Amino acid sequence: MSRSEATPLTSSATWQALAAHHASIKGKHLRELFADDPQRAARFTVEGGGLVLDYSKNRITPETMNLLARLAEERGVAAQRDAMFRGDKINVTEKRAVLHTALRAPRDAVIEVDGKNVVPDVHAVLDRMADFAGRVRSGAWKGYTGKPIRNVVNLGIGGSYLGPEMAYLALRSFSDRNLRFRFVSNVDGAAFTEATRDLDAAETLFVVSSKTFTTLETMSNADVARAWLVGKLGSADAVARHFVAVSTNAKAVTEFGIDTANMLEFWDWVGGRYSMDSAIGLSTMLAIGPEGFAELLAGFRDMDEHFRSAPADKNLPVLLALLTVWYADFFGSESQAVLPYAQNLARFPAYLQQLLMESIGKSVDLERRRVDYATGTIIWGEPGTDGQHSFYQLLHQGTRLVPVDFIGFLAPLSPLKETHDLLMANLFAQAEGLAFGKTLEEVQAEGVAATDAPFRVMEGNRPSNMIIADRLSPRTLGALVSLYEHSVFVQAAIWGIGPFDQWGVELGKVLAKKIIAELRDGAEPKLAHDASTNALVTRYRKFNGLV
Ligand code: F6P
């Protein structure tokens, strides 16, 4: 297809209708939209999976949502969703089923891949995880010198790191405070050194988390960790008591020197960024215990069920996805901020960056066509209220339209109720301020001089979603993650792109492998990169006395 030819998506009547509708309402202010419809807040508030979504502060009317829902219908979202839950091989580029939803299926569910029910395997692994976590948490599992485990270090990157770290931080008030958790992902040795500098090796357990067990960063850190442990404890026999592996690749785990008895498996139908509720969540289970982990899974399941059964106009993941498409493709928004008003969700935006950007940062659709619409918004964020003293200025008065997902909890996690009132007041105030702003008249009515007033005007009309739950708990966290997983799925279905591969990260890996050899050997091989890369490699070689 030539690049000038429109894709079926953008040439569809519904897309065209959305474009025309956008032209007619883009000048409308949220002040007007709220004034015109006293029922607006109630009309655009839905509940599901234990979460409330108030999406009334978006630049939409009922017609917008009807058109977007029609688009979802025409793009076959419901049928694709059912195919995913059923275990069809919807990851067509890798010819795999996509069954992270099976990870939280009840014990008696039946979900088949290639004619085999995978649910008994899921629960067998969960049982093994629970057994292992129970022994570590009770102190029954002893290290090589007979001491119980006090420190857990997860070695993994991408989906084998972001979920575990995010979940640990989110749920640490539910965690066993006798255990210390560290997460090492980067191949920068400073990460490992800092994470272990104050740890007693005799009390330290390494969880090597890698779906493939071939990832350069993780394998390198695992080698470093093994050398550190053996150096400290004086025997290679110590490895068996201090290393467990989480992987789909039993052969590579054995080759590394970890007995498969100390390996917890998962399956190729679990994508890395969809794996925090698989055995990759071992560190999470060690922290919050098997019961806490079961609650986390129940939260995922709550949202799965909601996604499967709620009509589009009441379906939280569908609505979030439709709004993302609306801003990305019709308002031209480049990015979206996720701002949790919960310190413990500090790593949630980073977690979502992989989930969303690795899934839908694609420019070729499943028909192998170059898309002619924007996909995959840039996700970023920090916890409130910190962001308010940093980048919120741009959100309020900058030239860009950045839709926001606010996340808040009615109950505090700490006993400090007064501070929670302040936190929540700020949350509600920010959404209000972004939406309604402050007019020139309002600024002048405050007595601000006419010369100063323009600087203080807040034009408002900046959209946001408000996601609210009673409290941040394992169950709520599960629902929240599942909400975004399914929102990604719907976005991808509408855009017609495959969200379950990540070929884009491969090139860098291949190039790095070649350069590693060049950095370590000054004479050979000969440098054959572009002039810039050659110069950089040469600079490094010179610095290290290789040339
Ligand atoms: O960055 C690419 C990627 O393949 C991610 O999708 C994945 O989560 C990460 O690397 C880690 O992979 P693994 O779990 O196989 O070590």
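## Pockets, cavities and sheets of a predicted chain

Helix H17 (residues 417-436) gives four residues to the lining of the second largest pocket, the largest share from any element. The model is predicted. That pocket has a volume of about 360 Å³ and a lining of 18 residues. Nearest to the centre of the second largest pocket are Ala342, Gln343, Leu413, His420 and Leu423. By class, its lining has 10 nonpolar residues, seven polar ones and one charged residue.

**The chain as a whole**

The chain contains 22 helices and 13 strands. Its C-alpha atoms fill a box of roughly 75 × 60 × 60 Å along the principal axes. A compact globule of 547 residues would have a radius of gyration near 24 Å, so the 25 Å of this chain agrees with that expectation.

**The largest pocket**

The largest pocket has a volume of about 1100 Å³. Its lining holds 37 residues, and those nearest the centre are Thr212, Thr215, Gln502, Glu506 and Lys509. Helix H10 (216-233), helix H15 (348-360) and helix H21 (506-520) each supply at least two residues of this lining. Of the contributing elements, H21 gives the most, with six residues. The lining of the largest pocket divides into 12 nonpolar, 15 polar and 10 charged residues.

**Enclosed cavities**

Rolling a probe the size of a water molecule over the atoms shows where empty space is left. In this model, three cavities of 30 Å³ or more are counted. The largest cavity holds about 100 Å³ of space. It is lined by 16 residues, with Leu323, Thr324, Tyr327, Gln336 and Pro403 nearest its centre. Two or more residues of this lining come from each of helix H14 (316-331), strand E10 (335-340), strand E12 (404-409) and strand E13 (464-469). H14 gives the most, with five residues.

The second largest cavity has a volume of about 50 Å³. Its lining includes Leu103, Val122, Val125, Leu126 and Met129, and also Glu265, Phe266, Trp267, Asp277, Ser278 and Ala279. Helix H7 makes the largest contribution here, with four residues.

The table sets out volumes and lining classes.

| Space | Volume | Nonpolar lining | Polar lining | Charged lining |
|---|---|---|---|---|
| Largest pocket | about 1100 Å³ | 12 residues | 15 residues | 10 residues |
| Second largest pocket | about 360 Å³ | 10 residues | seven residues | one residue |
| Largest cavity | about 100 Å³ | seven residues | eight residues | one residue |
| Second largest cavity | about 50 Å³ | eight residues | one residue | two residues |

**The parallel sheet**

Strands of a sheet pair through backbone hydrogen bonds, either parallel or antiparallel. One open sheet consists of five strands with parallel pairing, in the order E6-E5-E7-E8-E9. Strand E6 (180-184) and strand E9 (263-265) are at the edges and have a single partner strand each, so one side of each is left without a neighbour in the sheet. Neighbouring strands of this sheet are turned by 20 degrees against each other on average, direction ignored.

Strand E5 (residues 151-155) pairs with E6 in the parallel sense over five bridges. Within this pair, Asn151 stands opposite Arg180 in E6. Helix H7 (residues 119-138) packs on the sheet and touches strand E7 (204-209), strand E8 (243-247) and E9. The direction of H7 makes about 145 degrees with that of E9. H10 also belongs to the surroundings of these strands: H10 lies across E5, E6, E7 and E8 and runs at about 160 degrees to E7. H7 and H10 reappear from the account of the empty spaces, with H7 lining the second largest cavity and H10 lining the largest pocket.

**The mixed sheet**

A further open sheet has six strands in the order E1-E2-E13-E12-E10-E11, and its pairing is mixed. Its edge strands, strand E1 (45-48) and strand E11 (378-380), each pair on one side only. The twist from one strand to the next averages 20 degrees.

Strand E2 (residues 51-54) pairs with E13 in the antiparallel sense over three bridges. In this pair Leu53 stands opposite Ile467 in E13. H15 packs on the sheet, in contact with E10, E11 and E12, and its direction makes about 165 degrees with that of E11. H15 also supplies at least two residues to the lining of the largest pocket, while E10, E12 and E13 each give two or more to that of the largest cavity.

How values were computed: Residues numbered from 1 in each chain as written. Predicted model: local features only at pLDDT ≥ 70, side-chain atom pairs only at ≥ 80, totals over all residues. Heavy atoms only, no water. 1 Å grid on protein atoms, 1.4 Å probe; cavity = no way out; pocket = protein on both sides within 12 Å on 5 of 7 lines; lining within 4 Å. Points joined across faces, edges and corners; volume = space filled by probe spheres on them. Nonpolar A, V, L, I, M, F, W, Y, C, P; charged D, E, K, R; others polar. Pairing = 2+ DSSP bridges. Axes fitted to C-alpha atoms, helices over the stretch in contact; angles between N-to-C directions. Contact = heavy atoms within 4.5 Å. Rg over C-alpha atoms; globule rule 2.2 N^0.38 Å.
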